[in-house]
Amino acid sequence: MAATQLVNPFREGLREDRATTPVQIVIFGASGDLTNRKLLPALYNLAQADLLPENFCVVGFARSEMTDDQFRDALRKSVAESGEVRVRDERVLDELAKRCYYVSGMFDDKSAFARLAKVLAENDQRYNTAGNRIFYISTPASLFGIIVEQLHDAGLTGAPDTPGSVRIIVEKPFGRDLASAKALNTEMLAYLREDQIYRIDHYLGKETVQNILVLRFANGIFEPIWDRNYVDSVQITVAESLGLEGRGSFYEETGVIRDIVQNHGMQLLSLVGMEPPTTFDARDFRDEKVRVIEAIRPIDLKEAVRGQYGPGYVNGQPVPGYREEPNVSPSSMVPTFSALRLFVDNWRWAGVPFYLRAGKRMPKRVTEIAIQFKEAPHLPFRKSQIEQAEGNVLALRIQPDEGVTLKLEAKVPGPSMRIRSVAMDFSYGATFGTEDASPYERLILDCMKGDQTLFDRADGVEAAWSLVDPLLQAWDADKSMTFPNYAAGTWGPKQAEELIRRDGRAWRLP
């Protein structure tokens, strides 16, 4: 008897909307780490799931000398080594590899972009892509403007009299402060329309981040209590157990605010705090997100804590301090941890503190949003009956162990009245299976379909920089801070505990 294949009832009938418009995707920085670790496996997964258009090809562009065949070998190596590839299908891999091409050249070399234009024109004929292009700029931000200008000069930015559509994806960080972000927006908008620019933050491609919206706006039980009348506080934690992983030079120029808080942290806060959009289209959705960021009260330096990790232990293994990492100055003042107390000054959230902490070399890797609800106004039980009560908390786990937990108070079984906190858990892995698409798959596919909903707009980027820029300037000017001030493998400096303890609260242990 043939075995019966069981179908997960929660996934039965689900389908993905595939991209259908013919397109070429050009990756600038095609020999780099992000391309090999994330972008090429994401394109393979989309091909394996039959979500790419039939008329499709990939062109890599980088300074490294490489032939078409060598780029195809790089694709095969990336797919073989990636932990995000779900199903290995040699037939699909062979077909995708045949559609890969490579152009080498400097990013400020007009002749290199002329060669690129020639390859794109040939591929238009070969694959009938009709002049439709996506340019994925996976390079340092200092090259964004140069690349866009070169594309314009080569006639590749989609002039009104040329066929096809042109879209450009740019990686974070988008600028390093408010002035550079504004200058970069001005530079790009000199050659492109806003609807052509897709500023990517991979956090918005995570399934559990998008589920924040579904949890809030598709469940009638939450929206009536999602405000200052019922919510005591909000905690957002973005913790990494890893150190620099060979990126010392990058982190010396970035730090925790630019790397995490200005983008990932603000995205999570805006999704928790935003008003219900009229529709889930790009304009309405991004309008509401920007309004939240613009409503955040200017950061008081007394409500901001910074830290830098020293030597310590993570998972029982000794690890070096930040200043001992390769390509890091032995007297570096770059923060690897921050804790902020923020207020959203609008009708919904007036007076509710949002605590946002982010750091490297924490005890474990975890991203979590915790909504702490106010306590019941009166407990008729004796204090001796309450063994362990933490109040009602809705915890949204973004990574790892993605899911949602609601803490409730319940009676412990037995003849006497004893009360203890219990958890109601929803696990993505247990419910839907573990075959979730990577964030880059979702966002690349959205770009192919022309959907900007999960991408940042110019005013959103500038609003986030406007909030953190004064803090960065004050920290850069203050050299009196003593670093390191927390050991690797701990939850940050003591000042972070004092920040929240002043309000009579404590950080959750995710």
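**Stop 1: I168 and the nonpolar core**

Select I168 in this predicted model. Leaving out residues up to four places away in sequence, I168 touches F135, I137, V148, L151, M188, L192, Q196, I197 and Y198. Widen the selection to the largest nonpolar core, which holds 149 residues. Within this core, I168 stands with F28 and L116 as the residues that touch the most other members. The element that gives the most to the core is α8, with ten residues.

**Stop 2: helix α5**

Next, select residues 144-153, which form helix α5. Which residues of this helix are buried? They are F144, G145, I147, V148, Q150 and L151. Two of them, V148 and L151, are already familiar from the list of residues that I168 touches. Display the surroundings of the helix as well: its buried residues pack against the strands β1 (23-28), β4 (133-137) and β5 (166-170), and against the helices α4 (110-127) and α6. After α5 comes G155, which has a positive phi near 75 degrees.

**Stop 3: N185 in helix α6**

Proceed to helix α6, residues 178-189, and select N185 there. Is N185 buried or exposed? Its relative accessible area is 2%, so N185 is buried. Show side chains and locate R199, whose side chain is joined to that of N185 by a polar contact of 2.9 Å. With neighbours within four places in sequence set aside, N185 is in contact with F174, A458 and E462 as well as R199.

**Stop 4: the crossing of α8 and α12**

Now select residues 248-273 (helix α8) together with residues 458-477 (helix α12). The axes of the two helices come within 10 Å and cross at roughly 145 degrees. This crossing of α8 and α12 is right-handed. On the α8 side, the contact is made by I257, R258, V261, Q262 and M266. On the α12 side, the contributing residues are V461, A464, W465, L467, V468, L471, L472, W475 and D476. By class, the residues of this contact divide into eleven nonpolar, one polar and two charged.

Keep the view on α8 and pick out Q262, which is placed in that helix. Q262 has a relative accessible area of 7% and therefore counts as buried. Its side chain makes a polar contact of 3.4 Å with the side chain of N263. Beyond residues up to four places away in sequence, Q262 touches I257, V461, A464, W465 and V468.

**Stop 5: S480, in the loop after α12**

Move on to S480, in the loop between α12 and β19 (486-487). S480 counts as exposed because its relative accessibility is 58%. The side chains of S480 and D478 are joined by a polar contact of 2.5 Å. To relate this loop to another part of the chain, select M333: the C-alpha atoms of S480 and M333 are separated by 9.8 Å, although the residues are 147 positions apart along the chain.

**Stop 6: N346, between β12 and β13**

Finally, select N346, in the loop between β12 (337-343) and β13 (353-359). With a relative accessibility of 23%, N346 counts as partly exposed. What does the side chain of N346 reach? It reaches the backbone nitrogen of W349, at 2.9 Å. For a last distance, pick the C-alpha atoms of N346 and G460, which are 18 Å apart, with these positions 114 residues apart along the chain.

Definitions and conventions. Residues numbered from 1 in each chain as written. Predicted model: local features only at pLDDT ≥ 70, side-chain atom pairs only at ≥ 80, totals over all residues. Heavy atoms only, no water. Axes fitted to C-alpha atoms, helices over the stretch in contact; angles between N-to-C directions. Helix = DSSP H or I, 4+ residues; strand = E, 2+ residues; numbered from the N terminus. Left-handed = near helix turned anticlockwise from the far one by under 90°. Contact = heavy atoms within 4.5 Å. Nonpolar A, V, L, I, M, F, W, Y, C, P; charged D, E, K, R; others polar. Core = buried A, V, L, I, M, F, W, Y, C linked by side-chain atoms within 4.5 Å. Buried < 20%, exposed > 50% of the residue type's maximum accessible area, 1.4 Å probe, protein only. Polar contact = N/O pair within 3.5 Å; in protein donor to acceptor, adjacent residues only side chain to side chain.
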